[in-house]
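Me: Please take a close look at one part of this model for me, and tell me what surrounds that part.

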Amino acid sequence: MLEAVILKAAAGGGLEQLFVANTVAGVVLGGIFTLSAIGIVLVYRVTGVLNFAQGAMGMFSTFVGWKIIHDLHPLAPNLGVAFKNPASIAVGVAGALVFSVLLGLLLQYGVFYWLRGRPPLVKAVITVGVLLALQSVASIVFGSTQYHQAIIFFDPTRCPVNNSNCFTVPIGTFAIGYDQILVIVVSLVLAGGLALFLRYARIGVAMRAASEDPVAASLWGLPVGTIGALAWVVGSLVAAIAGIMLISVGVTFDTISLTIIVVDALAVAMIAGLVSLPLTVIGGFGVGLLETYPKMWIGSPGLPHFIAFLVILGALLLRSEHSLLRSKNG
Amino acid sequence: MSRLARMGVGAIALVAIALIPAVVPGMRNLTWTSASAVSVLYGFGILSVVILTGYVGQVSLCQATFMGISAFTTAALVNTYSLNFFLAAVCGVVASFLLGVIVGIPALRLRGLLLAVVTVGVALGFDDYFFKDTGFAWFNGGVGGWSMPGTGIFGVQLNNLDYGSLLHIYWLILAVFGVMCFLVVNLHDSGSGRRLRAIRDSEIAAATMGVDLTRYKLLAFGLSAAVAGVGGAFFTLVQGTVQAQPFSFFISLQFAAVAVLVGIRFVPAAAVGGIFMGVFPQLLNAAQDWFHVEIAGSWFNVGLGILLVVQMITLPDGVWGQWAEQMSHLIGRWNKEHPLPAASTVVTR
């Protein structure tokens, strides 16, 4: 999945180099898993919906951004330039984020608002339907091939002639790209910001109240439906950011790879017990590293998902059921 | 309707379905026979969801994986050891039964949502790793997958090369499907079935009544996986090739979504759902040819997702459940308005 990152990172050979390269790739991947899992945890806590479509939502928003860059920008005829040009990327990313907000609102007011009080499983099955629909629409509208141009935030050809590594930070004999640092920073900042927001901001406290007991919260005059919409919007936004980050570090860019990232995010969410944001961050980086290190010995593209499955199994069997699903609003 | 009448209607429907690709003009060709056969195979997948989720209340999003295990085992045995297809198919079904029991083990501790998450992990883990990785070429046949030679029984050709032979396969799997539906309907009212349904309604209550939770949960997972496995084994024969794609994560999700859409607690829903899944994309493709509009079969999932949302909001019991309820109302009313003559009046002299 992240062969490109590893190749980019591994300047020389040797096991030590490979280890560092895999660590970087794993941390980058972990940052993306964290972002995705935050969306799942937040939406679950506030609305009681376990969102299997988290990856699909991010995938769709990412493709909307891709389409905007591809079609609408003045530089569009020259795709090689358009996908590296900062202005065109900014327009595309902004479009993707706006779309993700709309998607979140649509899901809350078009679907889940009408399913209040239904069993959690029913809502989860609905997200399966959402996943299938989004993935199909995306493959119809955007094409189901694997040859979509990736967004390149830091184009090495813009470097001065004498320094081809201008967008990298050297660590020892090793160089980390700005794009990789960007992923790590964005995921940490978003996770931290969200945790602070939930703890101290008035709306954040209201969100926690709605997640603890929706009936009591509405008796206190809290607009539970609007709070749910906010959770969906934030969840959809982080999904979109995760999707854009994912393609900017060179993961296979098609409708399926971005959709099934949800299994890694679910693994992280299980480690966090669907509740804890700090554990989500730790678990995210942990799963990222765990899925990347075996690549040093086994070069199988399918292995990471099997590892994610093992993580899910381990996390669920080691935790007591009491600590899981603590927020049991349905 | 009495039980016997329902069985009769089911049998007639099955015969009608069996005759469609044989008599309906325009469908007497390889394409439509293949679509019909695939519908029945999907019917197995949905039937397995009915057993596991509808009867026992255990959610699984990896039924296509059970199908795949059986299909790959069958194909590997036929290709590597030149085993007779039917023997290999039995081995395949046993393999998926065993995997079902293994997946059932976490279900002893986990319920509902968390079990669903585990099965998503199973589906993706197997789909991406065991079904595709070249390291398991002895199992998944390497890059191109396996190709299946046809087989025969009692001198009847069973392969997917010509219309007649494929029609034989279709009839064979439809017969097997009918028998399985009959068994599953019977299971519903048997002692074991009552214990399984007790687990669905309340695990704690069931355990208090003396139901062996471990045994019956594992049994339910094994049975459901085996039913899916029968479909998987025949998949090899209908398709002629075995690759990871028909058993992917997305097909598992479709099984669950279609089963919920049609009515997860009803056996006939499996047949209806299978036809929906197998024939509808084909119809969309045909419509594309007739109207010269771009309506590819991939719109199926879009429709499925939207229908699922609408159905969940308006018809919580599934389409079949709603229909069955209305029918029983109508029949009840008809019986009231046209009462049978009382016994005493009939026997006068």
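Reply: **A helix and its surroundings**

Happy to! Helix α7 of chain B spans residues 163-189, and its 27 residues reach 39 Å from first C-alpha to last, close to the 39 Å expected at 1.5 Å a residue. Helices here are DSSP runs of H or I with at least four residues, numbered from the N terminus, and the expected span is 1.5 Å times one less than the number of residues. This is a predicted model, where local features need pLDDT of at least 70 and side-chain atom pairs count only at pLDDT 80 or more, while totals for chains, interfaces and linings use all residues. Residues are numbered from 1 along each chain as its sequence is written, with chains lettered from A and ligands numbered from 1 in the order written.

The buried residues of α7(B) are B:Ser165, B:Leu166, B:Ile169, B:Tyr170, B:Ile173, B:Leu174, B:Phe177, B:Met180, B:Cys181 and B:Val184. Buried means 20 or more other C-beta atoms, placed from the backbone, within 10 Å of a residue's own; exposed means 12 or fewer, and partly exposed lies in between. An α-helix has 3.6 residues a turn, so residues three or four places apart point the same way.

From B:Val184 you can step to B:Val50: setting aside neighbours within four places in sequence, B:Val50 has contacts that include B:Val184, B:Tyr55 and B:Ala259. A contact needs C-beta atoms, placed from the backbone, within 7 Å.

Just along the chain, helix α8 of chain B (residues 191-201) holds B:Arg194. B:Arg194 is partly exposed because 15 other C-beta atoms lie within 10 Å. Its C-alpha is 9.6 Å from that of B:Val56, although the two are 138 residues apart in sequence.

Definitions and conventions:
Helices (H or I, at least four residues) and strands (E, at least two) are DSSP runs, numbered from the N terminus. Two residues are in contact if their C-beta atoms, placed from the backbone, lie within 7 Å.
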